[in-house]
Amino acid sequence: HRDEEGNPRISASEAAAVHGEHRFISKYGLAVAKMADEPVVTETNRAMERGNRLEPFILEWANDRLGENFVTPDVLYVFSDDNARMIATLDGFNGEKILEIKTSTRDWTGELPEYWRVQGIHQAVCANAHEVVWAIFDRTQTLNIYTQFVSSDEKETHINAVGTWLSYIDMGMTPEGVAWTYETITSRHPQ
């Protein structure tokens, strides 16, 4: 999660927190992690383990359903422009389209949650793509396919937001919209 100079990057899984739209990561949680002296590594939880174990099977299933040939890349995708330092791993890629696999304990509603939508935009920026195909294995054990088309305007808006966010972090300042609490301050400064 750091570049060659040790500066923090925003990953696709954290991207929505920059916009205050992440379901599990708050703006101040992201700020604490990015201002830490060492990168913060999240421990694998049950949902992550479920996804990691099922992804190869869902990739194959999605390829069969779509008639595509997505493969899981063994590289990281990086975008850097001024302060916007971004990184993404992809579940599947065919050189033009991204395949993002999600396993969910909820029913698929037919609409991407905002934090997934921003993740797709982030991945599209990093992989220089304009289409993200979502393979969502939901609570009903159904494979749902949803296609997200990412515009140049969406990419530019996200790049600017990440660049602004990280410019505050680089200066050791609190990004706009971050509300510090006793708990968040003590996590950063335990003494």
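A residue counts as buried when its relative accessible area is under 20% and as exposed when it is over 50%, with partly exposed in between. The exercises below use this cut-off on a predicted model.

**Exercise 1. Determine how far helix H4 is covered, and list its buried residues.**

Step 1. Locate the helix: H4 comprises residues 114-127.

Step 2. Apply the cut-off of under 20%. Of the 14 residues in H4, 12 are buried, so the helix is mostly covered.

Step 3. List them. The N-terminal part of the list holds Tyr 115, Trp 116, Val 118, Gln 119, Gly 120 and Ile 121. His 122, Gln 123, Ala 124, Val 125, Cys 126 and Ala 127 complete the list.

**Exercise 2. Compare the span of H4 with the expected one, and state what follows the helix.**

Step 1. From its first C-alpha to its last, H4 reaches 20 Å.

Step 2. At 1.5 Å a residue, 20 Å is expected for the 14 residues, and the span is close to that value.

Step 3. After H4 comes Asn 128, with a positive phi near 55°.

**Exercise 3. Describe the sheet that H4 lies across.**

Step 1. Give the strand order: S4-S5-S6-S7, an open sheet of four strands with mixed pairing.

Step 2. Find the edges. S4 (92-93) and S7 (143-149) each have a single partner strand, so one side of each is left without a neighbour in the sheet.

Step 3. Examine one pair. Strand S5 (residues 97-103) and strand S6 (residues 131-137) run parallel and are joined by seven bridges. Thr 103, for instance, has Phe 137 in S6 as its bridge partner. In general, strands of a sheet pair through backbone hydrogen bonds, either parallel or antiparallel.

Step 4. Place the helix. H4 lies across S4, S5, S6 and S7, and runs at about 145° to S5.

**Exercise 4. Characterise the protein chain as a whole: its elements, compactness, contacts and surface.**

Step 1. Count the elements: six helices and seven strands. Their sequence pattern is β-α-α-α-β-β-β-β-α-β-β-α-α.

Step 2. Assess compactness. The globule rule gives 16 Å for 191 residues, and the radius of gyration is 17 Å, close to that value, so the chain is as compact as a globular protein of that length. The C-alpha trace spans about 55 × 30 × 30 Å along its principal axes.

Step 3. Consider contacts. Among those between residues at least 6 apart in sequence, 66% join residues at least 24 apart.

Step 4. Consider burial and surface. Of the 191 residues, 43% are buried. The accessible surface is about 10,700 Å², with 47% belonging to carbon and sulfur atoms.

Conventions:
Residues numbered from 1 in each chain as written. Predicted model: local features only at pLDDT ≥ 70, side-chain atom pairs only at ≥ 80, totals over all residues. Heavy atoms only, no water. Pairing = 2+ DSSP bridges. Helix = DSSP H or I, 4+ residues; strand = E, 2+ residues; numbered from the N terminus. Contact = heavy atoms within 4.5 Å. Axes fitted to C-alpha atoms, helices over the stretch in contact; angles between N-to-C directions. Expected span 1.5 Å × (residues − 1). Buried < 20%, exposed > 50% of the residue type's maximum accessible area, 1.4 Å probe, protein only. Rg over C-alpha atoms; globule rule 2.2 N^0.38 Å. Areas by Shrake-Rupley, 256 points an atom, 1.4 Å probe, with all protein chains shown as cover.
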